[in-house]
Amino acid sequence: MIRFYFTMVLVCISPLLICAQTTDMDAKIRELMSRMTLAEKVGQMNQYNGFYEATGPAPAAGDARLKYEHLTSGKVGSVLNVRGVDEVREMQKVVVENSRLGIPLIFASDVIHGYKTLAPIPLAEAASWDLEAIQQSARMAATEGAATGLNWTFAPMVDIYRDARWGRVMEGAGEDPFLGSKIAAARVRGFQGDDLSATNTLLACAKHFAGYGFAEAGRDYNTVDVGTYTLHNVILPPFKAAAEAGVGTFMNAFNILNGVPATADAFLQRDILKGDWNFDGFVVSDWGSIKEIAFHGAAGDLKEAARRAAIAGSDMDMESYAYVKHLEELVETGAVDEALIDDAVYRILKAKFELGLFDDPYAYCDNEREEELLYNEKHQEIALDMAKRSIVLLKNEDDLLPLAGNDQKVAVIGQLANDKTSPLGSWRIGSDDGTAVSVIEGLAAYEVNMSYAQGPALWRGNPSFVTEVEVNESDRSGMEEAVAAAKEAEVVLMVLGEHGFMSGEGRSRTDIGLPGLQQELLEAVHAVNPNIVLVLMNGRPLALPWAAENIPAIIEAWQLGSQSGNAIAQVLYGDYNPSGHLPMSFPRSVGQVPLYYNHFSTGRPTNQENNVFWTHYIDEKNTPLFPFGYGLSYTSFAYSALQIDDTDPNAVEVSVVVMNTGNRTGEEVVQLYIHDPAATYARPVRELKGFEKIELSAGEAQTVTFRLTPKELGYYQPDGTFVTEPGTFNVQVGPHALEGLQGSFEWE
Ligand code: BGC
């Protein structure tokens with residue numbers, strides 16, 4: 001185990017200056033550790049949730065009192081959910097001034113897609129396929145988060161998933177490991193910047209390691225059982241990309257993976273992460289996930305859970321009280337090797353040094369900066385830009401969109417159209433209810449000639465982060481009024497979907513259609529006026545076959561953050577030409593999930609004999625309603641001249657000409673997929689291996705070239721060995737996973 005402990009020293013082989021600094025930091029960490037008692041070391045591995053008004057008097061009794069005593073006696077290394085400069089400063093002071101060694105705390109929180117100013121939910125941002133914009137959005141989030149005294153965000157979530165029932169699909173980058181890896185790295189760069197000690201950067205955290213997105217039946221926290229082939233090729237790549245981008249921390253996961261709770265999994269945390277990948281940051285547990293090892297039935301009590309987690313490489317215990325209660329004794333009795341504790345503490349202290357907290361524990365505590373950065377026009381512009389890029393145009397029959405102009409009479413229908421909270425999503429720790437620009441407000445800025453009728457309510461009351469949303473299934477009041485408004489209008493704008501608290505953690509659904517009475521409302525309105533633009537607001541792919549068939553124009557507007565209504569209005573009226581493409585397949589029916597484009601072939605892929613004995617459903621197609629990578633524009637693009645150059649023995653170049661064949665400037669996401677039809681292990685029918693977002697003015701053409709190297713052509717065998725095999729490869733270049741020009745080449 002000693003090899004983990006010395007990672008920092010061993011990496012010092014390149015630039016002398018960095019090496020000197022690292023060695024200097026290494027010496028400081030070792031000197032500090034030499035003065036620490038075992039209890040103090042274990043204390044660094046303990047993380048508590050914020051628990052009292054730090055600026056108020058010290059708590060007198062109960063849990064809060066216990067935590068206070070632990071803070072003052074060096075038994076806490078980090079806290080989460082203590083935010084705001086005053087609170088952070090006060091709590092840091094309690095620790096720095098009262099504990100024996102005064103080791104500063106790291107302050108953590110879930111700064112997921114913004115802090116006060118919210119960008120779109122991460123799934124929506126992924127739809128932009130715009131790595132620069134995504135990086136900039138993470139930069140903005142870090143700037144705001146750090147201005148409130150925070151040092152560490154529990155983001156990015158880099159889980160891959162294939163099941164739209166799972167509520168947390170909103171928090172990641174979709175179903176594809178290639179796109180997911182690029183976005184993981186962009187987010188890490190955005191959060192952490194070049195210098196962790198700068199007061200506008202945050203330590204990032206790649207979560208949830210690993211497999212959490214494969215919860216059976218899409219039910220949150222459920223069992224995960226995937227083989228190592230899927231683990232290595234699908235689940236791990238974005239984590240590896242995050243590690244390579246220098247992410248400072250990992251969070252493990254709530255789930256079991258093949259019978260082992262991820263938090264107790266040494267194969268994941270020690271062999272792969274800290275071993276094969278040489279990750280030199282630290283791993284935090286998920287909330288209470290050490291305690292939950294026992295609930296999974298993989299430990300008899302909290303002490304055994306602590307032992308398993310520590311041995312497996314979980315360096316910090318978030319809110320299980322497992323380490324603080326038991327780790328000292330486990331070391332003293334020889335059940336846990338002290339070298340493992342030293343390894344964990346080294347990693348945690350290293351992060352504190354890198355954050356600059358030993359130079360100044362209050363570096364992030366500046367009231368003026370907090371004031372200035374939290375209400376920031378520039379950040380609203382970034383959020384607006386990101387929101388526009390995240391919108392996906394799903395259907396636009398007869399060029400109904402963009403709308404003609406503001407004298408066209410528009411009936412706006414749906415509770416979500418007037419909602420200033422749902423667009424903020426469910427992860428919005430620092431932002432206030434009711435601070436998003438609603439669709440109605442966005443349209444008002446365009447002076448649209450509109451009437452608004454809510455229709456039957458989608459939800460009742462005031463939904464909260466911790467309780468179930470009460471969906472209205474029975475009260476039809478408002479239906480008639482909505483239908484009447486639709487009758488009077490030239491165009492009907494229906495804003496339907498999910499309340500912001502219907503996706504996210506603990507919010508799985510079995511029915512992924514329009515919840516409540518919205519489908520009925522949509523059909524009732526359609527019966528009197530089919531000239532409908534459907535604006536969808538949701539945190540997951542929805543299955544909407546009727547709408548896809550009958551509604552002429554559909555826009556996927558997710559939950560777009562603070563500037564939601566403005567972004568939607570700009571798209572509706574053509575001031576922004578939509579450029580988003582789906583990062584996750586939209587099914588026709590919930591019965592198809594898990595549904596993903598990069599599936600394998602079966603032994604019976606097609607219907608050859610006109611009988612039932614091939615892979616299919618008797619009541620639904622196999623294909624998605626809208627495939628991965630799909631998204632329209634107000635202009636059109638044509639692909640031609642696919643060329644494959646395989647003269648270089650180390651790489652293959654694939655190029656294509658893309659032309660804007662419409663009459664306005666637009667952006668296209670050019671996507672390259674490969675397929676190895678005869679490998680040792682069956683390979684997916686197609687895999688994204690390159691993409692480029694390009695802007696073309698009307699009539700303009702551009703050649704886009706992709707380079708495929710062994711890295712893109714190879715794959716992991718089930719034992720984790722990476723291989724590139726010779727033989728034929730098929731390529732497809734086009735606008736989404738199911739369409740494109742095709743060719744093939746031989747790889748030797
Ligand atoms: C979530 C994590 C989150 C943590 C702290 C957990 O319930 O799974 O993603 O970072 O809480 O808020």
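# Briefing: a parallel sheet, a ligand site and some salt bridges

Five strands line up here as an open sheet, in the order S4-S3-S2-S1-S10, with parallel pairing. At the edges sit strand S4 (152-153) and S10, each of which pairs on one side only. Keep in mind that this is a predicted model. Beyond the sheet, there's a ligand with 13 residues around it, and a search of the whole structure turns up 38 salt bridges.

**The sheet, strand by strand**

- Start with strand S1, which covers residues 46-49: Asn46 and Tyr48 point one way, Gln47 and Asn49 point the other way, and all of them are buried.
- That fits a general pattern: side chains in a regular strand alternate between the two faces of the sheet.
- On one flank, S1 runs parallel to S10, and two bridges join them.
- In that pairing, glutamine 47 sits opposite methionine 318 of S10.
- S1 also pairs with strand S2 (residues 78-80), again in the parallel sense, over three bridges.
- Here asparagine 49 has leucine 80 of S2 as its bridge partner.
- Carry on from S2 and you get to S3: these two pair in the parallel sense over three bridges.
- Leucine 80 turns up again in this pairing, standing opposite alanine 108 in S3.
- As background, the strands of a sheet pair through backbone hydrogen bonds, in either a parallel or an antiparallel way.

**The ligand site**

- Which residues are closest to the ligand? Among the 13 that surround the ligand, they are Asp110, Arg168, Lys207, His208 and Asp286.
- By class, the shell breaks down into seven nonpolar, one polar and five charged residues.
- Aspartate 110 has a side-chain N or O atom 2.5 Å from an oxygen atom of the ligand.
- Arginine 168 does something comparable on its own account, with an N or O atom of its side chain 2.7 Å from a ligand oxygen.
- Histidine 208 places a polar side-chain atom 2.7 Å from an oxygen atom of the ligand.
- How much of the ligand's accessible area does the protein cover? On its own the ligand has 310 Å², and the protein covers 94% of that.
- Some of these names come back in a salt-bridge network, which links Asp110, Arg168, Glu171, Lys207 and Glu505.

**Salt bridges between separate parts of the chain**

- Arginine 100 and glutamate 40 meet through their side chains in a salt bridge, at 2.8 Å from N to O.
- What does this pair tie together? Arginine 100 is in the loop between helix H6 (85-98) and strand S3 (106-109), while glutamate 40 is in helix H4 (residues 38-44), so the bridge connects parts that are 60 residues apart in sequence.
- The two ends sit in contrasting surroundings: arginine 100 counts as exposed because its relative accessibility is 54%, whereas glutamate 40 is buried, with a relative accessible area of 9%.
- Lysine 274 and aspartate 315 make another salt bridge, with their closest N and O atoms 2.8 Å apart.
- Lysine 274 belongs to helix H11 (residues 266-276) and aspartate 315 to the loop between helix H13 (302-312) and strand S10 (317-318), so this pair ties together parts 41 residues apart in sequence.
- Buried or exposed? Lysine 274 counts as buried, at 2% relative accessibility, and aspartate 315 is buried with a relative accessible area of 2%.

**A salt bridge inside one helix**

- Aspartate 343 and arginine 347 form a salt bridge in which the closest N and O atoms are 3.1 Å apart.
- These residues are four apart in helix H15 (residues 338-354), so about one helical turn separates them.
- Both aspartate 343 and arginine 347 are buried.

**A buried lysine and its backbone contacts**

- Where is lysine 395? Look in strand S11 (residues 392-396).
- Lysine 395 has a relative accessible area of 13%, so with the cut-off for buried at under 20%, lysine 395 counts as buried.
- A polar atom of its side chain lies 2.8 Å from the backbone oxygen of alanine 548.
- The lysine 395 side chain also reaches the backbone oxygen of isoleucine 551, at 3.0 Å.

Technical notes:
Residues are numbered from 1 along each chain as its sequence is written. This is a predicted model: local features need pLDDT of at least 70, side-chain atom pairs count only at pLDDT 80 or more; totals for chains, interfaces and linings use all residues. Side-chain values use heavy atoms; hydrogens and water are left out. A residue is near a molecule or strand if one of its heavy atoms lies within 4 Å of it. A polar contact is a pair of N or O atoms within 3.5 Å; within protein, one must be able to donate a hydrogen and the other to accept it, and residues adjacent in sequence count only if both atoms are side-chain atoms. Accessible areas come from the Shrake-Rupley method with a 1.4 Å probe; for residues, only the protein chains shown count as cover. Ala, Val, Leu, Ile, Met, Phe, Trp, Tyr, Cys and Pro count as nonpolar, Asp, Glu, Lys and Arg as charged, and the others, Gly among them, as polar. A salt bridge is a side-chain nitrogen of Lys or Arg within 4 Å of a carboxyl oxygen of Asp or Glu. Buried means under 20% relative accessible area, exposed over 50%, partly exposed in between (1.4 Å probe, protein chains only). Two strands pair if DSSP finds at least two bridges between them.
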